[in-house]
Amino acid sequence: MADDAAARQHYLDSVAALRAGFHSGTETGVGLIRARAAAADALLRALWQDAEANDDRLRDGIAVLAVGGYGRKELFPGSDLDLLFLVADAAKEKSVKDPIRRITQQLWDSEIRVAATTRSIAECDKFDAENAEFTLSLLDARALAGDASLTAKLLDESIPKLLTRERKTITARLVEITADRHARYGNTLFHLEPNIKECPGGLRDANVCGWLARLAGEPATSAMEFREAFAFLASIRCFLHLRAGRDVNALDWKTQDAAAAEGIGVPSGLPRDAAHWMQLYFRNAREVAWQLEQQTDELPQPQSQSRGRSLLKMSRELLKRNEPDQPGMRVERGRITLDEPEGDYDPACDPDVVLRAFQTIAETGVRLSNMAEVRMEEGVPVLSSQLDEGTALWHKLRLILLGRHAGQALRSMHALGILELLIPEFHGIDALVIRDAYHRYTVDEHTFVLIDTLHGLNTPGDGAMAEWRSRFAVILRDLQHPDLLYLASLLHDTGKGRSTGEHTTESARLARSVLQRLELDDYESALVLGLIQNHLEMSSALRRDIFDAETVRGFAAKVQAPEELRMLTLFTFADIHAVHPDALTPWKAENLWRLYIATSNYLDRNIDDERFDSRISSDLVLRVTQLLPGESREALHFLEGFPQRYLRTRSPEQIRTHFNMSKRLAADDVQLDFVWQADRSEITLVTPDRRLLFARVAGVLAAWGMNIITADAFSNAQGIVVDSFRFTDSFRTLEMNPSERERLVASVHDAIADPEMAEKMIAGRKRSRRRAPLVEVETQVKFDAESSTHSTILQVVAQDLPGLLYAISTTLGEAKCNIEVAVIDTEGDTAIDVFYLTHEGDVLDRSELPALESKLVEAIAANAG
């Protein structure tokens, strides 16, 4: 046992030396994982030798093998020790349970996490599609200790026979599993906080490359670029594990800062700016992803279509597709192949052939063959000297942009350096990371997802967004210049690579150079530049009261023409969706559609606003009274004093509900109406006006973990208030626990009656544990006394924290400000809240705004503290 203790101590000393060497820069990531595997080998063999000497049961019929990552000699600091205890039969398995348990316990005592499994030789000879991971782990199996003849039987007989018999099935299942994993990460490697093990282009994909090679009976790739990419990723994972003290693989912002500061993975080891260091990460991950694509492309076509189909999401029909041959290229089984060079002529260096190939990708969804990619990349220097500019180049680029699979074609052009050849301005956003805790993708990938989204509008779908996609698709079909929309989308964020200020202006400046080279006419250039310069305007307008005629009037002044409005509407829809998959909710799509319709009507108006409002008011009042036979006089009395906006934003059925609620106020002076929906719920209260009413409701909803997205408040001539709050339920509390809906409504009711209740609930919420913000947000409080004639607009930008809205609304209530409308938005860790305020029915006194600003800043700081 003394020898065991010495072996364990030797292992611990070796690991400590490896950790110190990595931190000092004398040990690489690959070196560390190889050395830790060797140290674990020595420890396990010592433990086995001692156990075997004291227990006859371990001397034959059992062996221990390293499998999985340990089998590959890739033992990261926080990784488990993947062990296979191989037994001759079930009887042997039963007899060796105790010694196996003692050995694994000794490993745990050596601070090693063990992932051990015991299998008979017969069990290893079978493939289970539901447990494919076990068979894949056997592909990396290597001997450690025990019965050598049993080990040889597995490695030299059972596994080869299994692969011969099940090679196609295992390969298909591996591809399916990989496709499913990629889908969980949006089929892109360009995440701002990637999981370096599981994301596309991560270490798991590098493992898949090795498995596919083994299954094909070929050696693993020895390409220098791939080895360097693996070494970079391995260094990062070692850093993550050592930093966290456990198996952590998420590369969050704080870890990025720390890794960049230490130059992790950088050959020179010199510190890097975090954004630049992440560009290195993405380029290395792209190399791994490219290698995997090459290997999957070379797989034989399966006879039956599996659930995962293809890693590249091609249907069998696409893989079978053969397009008519074109000069210099042909399409066979879904792959573009270039003709062989003849003399001095090489199709890979011919701009017409190369751009026609990408046009074919954009139109059909086929892909370049492996050799075509290699030849095009090598031909870039020659290609650059032969490219046309002007209208000829625009015509070719235009056809690529118009293709249904334009995003796929542009990604391929970008990876090969051909997109930057056409548009050098795009190089500045290559794998560029912009940190705002809201965007999920790099700037270039965000651009491609945006273009994918636009083309996807015409693709039928299901889910909550299907109806809205079909509505916006109508706008796309009516567009006179869809090519200009796609071009503006491609260029809209190029300024982010060169500007730390307002990127829209810099993007427009860069785009102007592109448009001059492409020789677009003045009208076309004006459309593109206008869209780029104003591409945030519609998103900004959505943070205002879109039912306010002055909001519509101000926004319409910036678009001016119906074609510009259509382009900007479509762009905004796609731009929000491309931020991250959940950014575009049905509620946002609905508001975007409402703003589009209102602005379109304004641009086409032929009667003045007052007559328009008067007509709507009369029509709605008539429709309301028709729903209340015999109560017309009482209904009109209820409506007296409500602003026009109340009539415009509520259906006659909703107004009838509010009227009926008002009739019950004598029995209970707090009447509530709650409508639950999975994507957005609404609670409306009808009650006599009282102090801090808005703040109390906001406080209760925040205490319940609800995210208020909009709120508005109306009062009639009798002082009856109709307040509505629309909110989302991020934790799905009300969906998973329907009984909680009644409790929520009861909490709101009681808080209105008891002023202290909301404050107590918020205090309890603030005491609960919350994660540290990824981005520190500077508080900004701004008043706008110009944009609205009936209200003073307040915009607050602050750290999104529990109790923020309660603190703001309480401060406003104490200042006797009435909140007419509130539009609440959150982007990552940033809250952007806009309030339309009045005092006694009029705008706020400008002389009092500085003092109110100071009070708001103090309240926000106190809430954060």
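## The whole chain

Start with the outside: the protein chain has an accessible surface of about 38,200 Å², and 49% of that belongs to carbon and sulfur atoms. Accessible areas here come from the Shrake-Rupley method with a 1.4 Å probe, and for residues only the protein chains shown count as cover. This is a predicted model, where local features need pLDDT of at least 70 and side-chain atom pairs count only at pLDDT 80 or more, while totals for chains, interfaces and linings use all residues. Residues are numbered from 1 along each chain as its sequence is written, and side-chain values use heavy atoms, with hydrogens and water left out.

Along its principal axes, the C-alpha trace spans about 100 × 75 × 50 Å. The chain holds 36 helices and 16 strands; these are DSSP runs numbered from the N terminus (helices are H or I with at least four residues, strands are E with at least two). Of the 865 residues, 53% are buried, and buried means under 20% relative accessible area, exposed over 50%, and partly exposed in between (1.4 Å probe, protein chains only).

## Contacts and charges

A contact means heavy atoms within 4.5 Å. Take the contacts with a separation of 6 or more: 71% of them are between residues 24 or more positions apart.

As for charge, the chain has 100 positive and 132 negative ones, and the mean positions of the two sets are 4 Å apart. Lys and Arg count as positive and Asp and Glu as negative, with His and the chain ends not counted. Each charge is placed at NZ of Lys, CZ of Arg, CG of Asp or CD of Glu.

## Helix H15 and one of its partners

Helix H15 covers residues 390-402, and its 13 residues reach 18 Å from first C-alpha to last, close to the 18 Å expected at 1.5 Å a residue. That expected span is 1.5 Å times one less than the number of residues. Which residues of H15 are buried? They are Gly390, Leu393, Trp394, Leu397, Ile400 and Leu401. Looking down the axis of H15, these buried residues fall within an arc of 120°, so they line one face of the helix. The arc is that of the directions from the helix axis to the C-beta atoms. As background, an α-helix has 3.6 residues a turn, so residues three or four places apart point the same way. The buried residues of H15 pack against several helices, among them H13 (351-364), H16 (406-416) and H18 (443-456).

H13 has 14 residues that should span 20 Å, and its end C-alpha atoms are indeed 20 Å apart. It's mostly covered, with eleven of its 14 residues buried. Those buried residues include Pro351, Phe358, Gln359 and Thr364.

## H18 and H25

Thr453 sits in helix H18 and is buried, with a relative accessible area of 12%. Leaving aside neighbours within four places in sequence, Thr453 is in contact with Phe573, Ala574 and His577.

Helix H25 takes in residues 562-577; its 16 residues should span 22 Å, and its end C-alpha atoms are 23 Å apart, which agrees. H25 is mostly covered too, as 13 of its 16 residues are buried.

## Two loops with a positive phi

Glu111 has a phi near 65°, a positive value in a residue other than glycine. You'll find Glu111 in the loop between helix H5 (97-109) and strand E3 (114-120). Is Glu111 buried or exposed? At 64% relative accessibility, Glu111 counts as exposed.

Ala431 also belongs here, with a positive phi near 55°. Ala431 lies in the loop between H17 and H18, and at 0% relative accessibility it counts as buried.

## Later in the chain

Val722 is part of strand E12 (residues 720-728) and is buried, at 0% relative accessibility. Val722 and Pro688 are 34 residues apart in sequence, with their C-alpha atoms 8.9 Å apart in space. Leaving aside neighbours within four places in sequence, Val722 is in contact with residues including Phe638, Tyr646, His658 and Asp712.

Gly803 lies in the loop between strand E14 (792-799) and helix H35 (804-814), and counts as buried at 2% relative accessibility. Gly803 is 101 residues from Ala702 in sequence, yet 6.4 Å away in space, C-alpha to C-alpha. Neighbours within four places aside, Gly803 is in contact with Ile762 and Asn863. Within helix H35 itself there is Thr810, which is buried at 14% relative accessibility. With the same neighbours left out, Thr810 is in contact with Leu692 and Ala695.
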